[in-house]
Amino acid sequence: MKFRNFKLVGYVIFGRGAFNQLDEILAPQRRGDAPMIFFVDHFFQDKPAFTARIPLQGRDKIVYIDVTHEPKTSYVDRLRDELKAEFGQVSGIIGIGGGSTMDMAKAVSLMMTNPGSSADYQGWDLLKQPGVYKAGIPTLSGTGAEVSRTTVLTGPTKKLGLNSDFTPFDQIVLDPELIKDAPVNQRFYTAMDCYIHCIESLEGTYLNAFSRSYGEKALELCREIFLRKSGWDDDADEKLMMASYAGGMSIAYSQVGVAHAVSYGLSYLLGTHHGVGNCIVFDKLEEFYPQGVQEFKQMVDLHGITIPQHITQGLTDEQFDKMIDVSLGLAPLWENALGKDWQQQMSRERLRALYERL
């Protein structure tokens, strides 16, 4: 038996107001006059009170990241080229936002030091060099992007992450105040990414005590927040932020499963955002996760959330085939969900029928 030597995030700070310590956290990482580049979710572009808190020094720059669509390898490459043309070298890249913004920060950090296109590194352990310093600061919680060893990107032929030991952040800043004003629907969809991580991890074939310990805690926190609380409060923000962290850790030695494998195909073809895409798929997965889906539907009803329906109506055979190709290319996810003989269980016809129900 050979065990994965798992790379963790370098430093973690948690607490209300922790964002105010960002200047002193970054100070030792500055390299001469090379700037820190702050990737900020475009949600904050018209919120000067927030951006004024970012501790800019010297040639530092804020780059607003357009998260209208899921991150693309072409977007990563363009930002890398622009930063190299303007500054040559940078001291680091700081991602402030949801999972897409944090993934962009990780990806561009890596591409500042690795040649070619980010599409060349979609897969497992293909990167050869560590990136520049990178820090993640979530303003939405649920994806686990703050702790994961991947950065999920849509490339020319597939949606697949840059999975490597070089991908995790050097620093994360977990400040529950930053997720306080998240839009209700967006908060729910992103939080459900965490819930679905836990169900897929805890019911997967890759599970061990390491993953189970984190997954069970994250699941307990999700249930407390979304099933037992009468309203949203500061305590919910704190618990959701920790559920996201623990949910991300739960797949360190495990994997996600059917919902993510199917959702990747949706996202590649239709541009469906990751959180809502997972919800659209999970809503129809009773045959794989009966108890989890039943509980998910309770949460949806309790919080008055609408899950989009019939989004694959009218697609062509060619479009269905593309989604199926992308999905079946995610072998570790299917193996975790269904076992080593997953290819015998998940035929193209069965997967097509599942896509048609969405």
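This is a dialogue on reading the domains, their interface and the salt bridges of one predicted model.

Reader: What should I know about the numbering and the model before I start?

Author: Residues are numbered from 1 along each chain as its sequence is written, and side-chain values use heavy atoms, with hydrogens and water left out. Because the model is predicted, local features need pLDDT of at least 70 and side-chain atom pairs count only at pLDDT 80 or more, whereas totals for chains, interfaces and linings use all residues.

Reader: Which domains does the assignment give?

Author: Domain bounds come from an automatic or database domain assignment. Here that assignment gives domain 1 (11-178) and domain 2 (184-356), with C-alpha centres 24 Å apart.

Reader: Which features does UniProt place on the chain?

Author: UniProt positions are given in the numbering used here, feature names are shortened, and annotations may be inferred rather than shown by experiment. From unreviewed entries, UniProt places "domain: Alcohol dehydrogenase iron-type/glycerol dehydrogenase GldA" at residues 12-176 and "domain: Fe-containing alcohol dehydrogenase-like C-terminal" at residues 189-293. With helices (H or I, at least four residues) and strands (E, at least two) taken as DSSP runs numbered from the N terminus, residues 12-176 are 22% helix and 24% strand, while residues 189-293 are 73% helix and 0% strand.

Reader: How many residues of domain 1 are in contact with domain 2, and what area do the two bury?

Author: Contact means heavy atoms within 4.5 Å, and by that rule 28 residues of domain 1 touch 27 residues of domain 2. Buried area is the accessible area (1.4 Å probe) that two parts lose on being put together, summed over both; for these domains it is about 2,300 Å², 63% of it on carbon and sulfur atoms. On the side of domain 1, Glu70, Ser141 and Lys159 lose the most area to domain 2, together 25% of what that side buries.

Reader: How many salt bridges are there between the domains?

Author: Side chains of opposite charge can pair when their charged atoms come close. A salt bridge is a side-chain nitrogen of Lys or Arg within 4 Å of a carboxyl oxygen of Asp or Glu, and the count between domain 1 and domain 2 is two. Glu238 forms a salt bridge with Arg16, their closest N and O atoms being 2.8 Å apart. The elements that give two or more residues to the side of domain 1 touching domain 2 are β1 (11-14), β7 (152-154), β8 (159-163) and β9 (171-174).

Reader: How many salt bridges does the structure hold, and which parts does the pair Arg59 and Asp33 tie together?

Author: The structure holds 29 salt bridges, and the one between Arg59 and Asp33 has an N to O distance of 3.9 Å. Arg59 lies in the loop between α2 (48-51) and β3 (61-65) and Asp33 in the loop between α1 (22-26) and β2 (36-41), so this pair ties together parts that are 26 residues apart in sequence.
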